[in-house]
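Hi,

Here is the structure I promised to pass along. Have a look at it first, and my notes on what turned up follow underneath.

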Amino acid sequence: MNDQPIKLFNSLTREVEEFQPVHPGEARVYTCGPTVYNYPHIGNMRAYVFADILGRTLRWHGLDLTHVINITDVGHLTDDADEGEDKMERMAAQRAQSIWEIAAHYTAAFKADVAALNIREPAEWTVATDYIEPMLEFAKSIADKHCYELESGLYFDVSTVADYGRLARAVTGDGEGRIDTVAGKRNAADFAIWRKTPAGETRQMEWDSPWGKGAPGWHLECSVMSEAKLGFPFDIHTGGIDHREIHHPNEIAQNQARCDCGSLNEASHSGARIWMHNNFLVERSGKMSKSSGEFLRLQLLIDKGFHPLAYRMMCLQAHYRSELEFSWDGLRAALVRLKRMVMQAERLRDGAATPGDHPKLSDPQDAFAAAMGDDLNTPLALTAFEDALGTKKLDLGIKRHVIEQMDTVLGLGLMELRRQDLRVRPKAATITEAEIEAALASRKQARTAKDFAASDAIRDGLTAAGVEVMDGDPLGWDWKV
Ligand code: AMP
Ligand code: ZN
């Protein structure tokens, strides 16, 4: 438990603010979830590692957390504005499968990545297609005052709410650099609340509405599900930084219309008190694109011999508001760092923790709390964590307790991970662990017998099989495929 204030950067005000819950003692958080038309790439997963760290920190501060993440299985077009096709419909057509099959497969794949990265399960995963009725009800409640109908659907008129686009700091109206291809839109930034199925077409996903058969616009689902699960207003809404430009300004406009409230000078009129955005994971060679052959999924990292938590470590090494550049060398360094911490934690495991509130335990503990309370500064918190692991000043039981607390916040699983767990076998490897261990045992015998020719031959054989033998490795790694 930590009773220091938590300061968070609010994208709406562009200021660091002290967190003040809407409902005392509680924290209600909504995170925009994945569109389940394909596997998530590791950049997408950065958004959920960030939301997870936020949730863990709020809980550590004694707040009763309700975290909702949605699953988008309808409505998200290939372009975040209203251009292009529905991503789900398109993938289903390409694969000749039903949208429901596509959604089920990629939802499961997403949740597997969530588990592998130690991201806590939210209180609820809300699925967009379960909320069609409330979406229709929401749309009807704002249609008269804020929307107009065109042949292609029902559109939201962004000039009917105050401060449209403040979150993006965008200039609205003609000055906005958005291409306007939907004929008849009143403002370039107007967006679809309901998309009608074109005459003569049938879609896999369509529902009746007062505006004809069709499907909800993508932005509608998050306004509806967050209100349904967390109330209005709730505490914190999160997403990747791209959502700051279109998706979240549109959600905010809908929320203002819904509550019939005015200016965004009052943050809660936006629907949430704080809007938070993680910056992007970038990769220069284009491997993050889901259309590239070897795209950067978590499974690819595992196939190459990296434990998934090395990627979590990589995320924590950067502040969530900074861009993070992916590289294999960077990932290797993160893995080594994780391994070092696991080895230090292993030494603590045998004893029991001494729980309780110990007065002024250690400097690292203060540094850790200050870092996390300062807009989730995980890079600094990691350093404090390492200092705590390395300290010789603390009683072992107390040290264990401190480490457990820090680990609960950062979620690296140090108290459970073993060194061997981190030695992930690359998919391309042909030699088995048993064979490696056997070869190393004979090599040891040969060396004891001072038969260096034999020992070198064994080592060469292992090298040929892709095994690197590391004599006297300070990390105790010994070998690596
Ligand atoms: P999507 O499934 O496309 O709706 O994206 C899921 C989440 O990933 C959203 O919060 C996006 O803003 C976020 N996101 C997309 N690309 C990246 C990236 N390269 N780095 C970090 N977050 C991203
Ligand atoms: Zn959303």
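**What I found**

The protein has 14 helices and 15 strands. Before you go further, keep in mind that this is a predicted model.

Some overall numbers to start with. The protein has 481 residues, and 55% of them count as buried. Its C-alpha trace spans about 90 × 55 × 35 Å along the principal axes. The exposed surface of the protein comes to about 20700 Å², with carbon and sulfur atoms supplying 49% of it. If you take the contacts between residues at least 6 apart in sequence, 75% of them join residues at least 24 apart.

**The ligand**

I guess you will want to go here straight away. Ligand 1 is surrounded by 18 residues, and the closest are Thr-35, Gly-43, Gly-240, Asp-242 and Leu-281. By type, the shell around ligand 1 splits into 11 polar residues, six nonpolar and one charged.

Which elements supply at least two residues each of that shell? They are α1 (42-60) and β10 (234-240). Helix α1 gives the largest share, with four residues.

Three polar contacts to look at:

- Asp-242: an N or O atom in the side chain sits 2.4 Å from an oxygen atom of ligand 1.
- Thr-35: a backbone N or O atom is 3.0 Å from an oxygen atom of ligand 1.
- Gly-43: a backbone N or O atom is 3.0 Å from a nitrogen atom of ligand 1.

As for cover, ligand 1 would expose 500 Å² if taken alone, and the protein buries 92% of that.

**Along helix α1**

The helix that gives the ligand shell its largest share is worth following residue by residue. Ile-42 lies in α1. Is Ile-42 buried or exposed? Its relative accessibility is 0%, so Ile-42 counts as buried, the cut-off being under 20%. Leaving out neighbours within four places in sequence, Ile-42 is in contact with Leu-281, Met-288, Leu-296, Arg-297, Leu-298, Leu-301, Tyr-311 and Phe-326. Leu-281 is also one of the closest residues to ligand 1. If you want a long-range distance to check, the C-alpha atoms of Ile-42 and Leu-462 are 32 Å apart, with their positions 420 residues apart along the chain.

Thr-57 is in α1 as well. Thr-57 has 1% relative accessibility and therefore counts as buried. Once neighbours within four places in sequence are set aside, Thr-57 is in contact with Ile-6, Met-372, Leu-376 and Val-409.

**Aromatic pairs**

How many aromatic pairs does the structure hold? There are 12. One of them is Tyr-48 with Phe-110, which is edge-to-face: the ring centres are 5.1 Å apart and the planes make an angle of 75°. This pair links distant parts of the chain, since Tyr-48 is in helix α1 and Phe-110 is in helix α3 (residues 99-116), 62 residues apart. Both partners count as buried, Tyr-48 at 6% relative accessibility and Phe-110 at 1%.

The pair between Phe-156 and Phe-191 is stacked, because the planes of the two rings are at 10°, under the 30 degrees that stacking calls for. The centres of those two rings are 5.1 Å apart. Here too the pair links distant parts of the chain: Phe-156 belongs to strand β7 (residues 153-156) and Phe-191 to strand β8 (residues 191-196), 35 residues apart. Phe-156 is buried at 0% relative accessibility, and Phe-191 is buried at 1%.

There is also a cluster: ring pairs link Tyr-48, Phe-110 and Trp-125.

**One more residue**

Last, Ser-455, which is found in helix α14 (residues 452-464). Ser-455 is buried, with a relative accessible area of 1%. Not counting residues up to four places away in sequence, Ser-455 touches Arg-443, Ala-446 and Arg-447.

That's it from me. Shout if anything is unclear.

Cheers

Definitions and conventions: Residues are numbered from 1 along each chain as its sequence is written. Chains are lettered from A and ligands numbered from 1 in the order in which they are written. This is a predicted model: local features need pLDDT of at least 70, side-chain atom pairs count only at pLDDT 80 or more; totals for chains, interfaces and linings use all residues. Side-chain values use heavy atoms; hydrogens and water are left out. A residue is near a molecule or strand if one of its heavy atoms lies within 4 Å of it. A polar contact is a pair of N or O atoms within 3.5 Å; within protein, one must be able to donate a hydrogen and the other to accept it, and residues adjacent in sequence count only if both atoms are side-chain atoms. Accessible areas come from the Shrake-Rupley method with a 1.4 Å probe; for residues, only the protein chains shown count as cover. Ala, Val, Leu, Ile, Met, Phe, Trp, Tyr, Cys and Pro count as nonpolar, Asp, Glu, Lys and Arg as charged, and the others, Gly among them, as polar. Buried means under 20% relative accessible area, exposed over 50%, partly exposed in between (1.4 Å probe, protein chains only). Contact means heavy atoms within 4.5 Å. Rings of Phe, Tyr and Trp (its six-membered ring) pair if their centres lie within 6.5 Å; planes under 30 degrees apart count as stacked, over 60 as edge-to-face and the rest as tilted.
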